[in-house]
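Trainee: Could you take me through this structure slowly, and show me how each term is justified?
Mentor: Gladly; let us set the terms beside the values as we go.

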Amino acid sequence: MKLVIHGKNIEITDAIREYVHQKIEKAVSHFQHITNEVDVHLSVARNPRITTKQAAEVTIYANGNVIRAEESSENLYASIDLVADKIARQLRKYKERRQDQKTHGQPTNQALVPEPVAADLIGDRTPELPNEVIRTKYFTMPPMTLAEATEQLQLVGHDFYMFRNSESGEINVVYERNHGGYGVIQPRKTNGHTNGKNGNSAHVNHPVGDKSHLYK
């Protein structure tokens, strides 16, 4: 198993490196047969308004899947303890889900609700990027089904997940709805149709520039 440690605004000392190896290797000890690589990112926030400045993030690449956990506190060693416990729970859920799929077959996409997209999200405003890019991430995007993307969403610990739909070949976003369940955002062709299976167009009347409907 490959374990890589990165640091931001912090020096990775031998003591920190040894502690990370000890805690993370223990957390994944029962899952090493499915774990290909473990990426650990330690950071210290410079913003004085942030009280939980010491953060530890763990990303595990397991058989083509990504499992992620992040914790922060006032102490780096405490953050490492917390994230090690969390990633161990994530791995157990992943293994249980895999076993359940083998027993009962693959999950369906019935819980996923295609979300209507307004024709114009910005109106006459000029798109602007933030002055500073806080963090950039690069990752492979192999084609997957909506059900597989939903599973990835649960594993990475975010409230949305971007993926390439294996049926349409388009980039989609699956996300957690505020009122429960999951939704999926799909690109729309210029003729008003989506690239999904049914190809039905969805017409909505939202104020120009209003994107709130995307996150309900």
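Mentor: Two strands pair if DSSP finds at least two bridges between them. This is a predicted model, in which local features need pLDDT of at least 70 and side-chain atom pairs count only at pLDDT 80 or more, while totals for chains, interfaces and linings use all residues. Residues are numbered from 1 along each chain as its sequence is written, and side-chain values use heavy atoms, with hydrogens and water left out.

Trainee: What makes β3 and β4 a pair?
Mentor: Nine bridges link β3 and β4 in the antiparallel sense, and the definition asks for at least two, so they pair. Among the bridge partners, Glu57 is matched with Glu70 in β4.

Trainee: Why is one side of β1 and of β4 left without a neighbour in the sheet?
Mentor: The open sheet has four strands in the order β1-β2-β3-β4, with mixed pairing. Because β1 and β4 stand at the edges, each has a single partner strand, and so one side of each lacks a neighbour in the sheet.

Trainee: Which residues have the most contacts inside the largest nonpolar core?
Mentor: They are Val20, Ile24, Val40, Leu42, Val58, Ile60 and Ile67, in a core of 29 residues. Such a core is a set of buried (under 20% relative accessible area, 1.4 Å probe, protein chains only) Ala, Val, Leu, Ile, Met, Phe, Trp, Tyr and Cys residues joined through side-chain atoms within 4.5 Å.

Trainee: What is Ile67 in contact with, beyond its neighbours within four places in sequence?
Mentor: Taking contact as heavy atoms within 4.5 Å, Ile67 touches several residues, including Val58, Ile60, Leu91 and Leu155.

Conventions:
Buried < 20%, exposed > 50% of the residue type's maximum accessible area, 1.4 Å probe, protein only.
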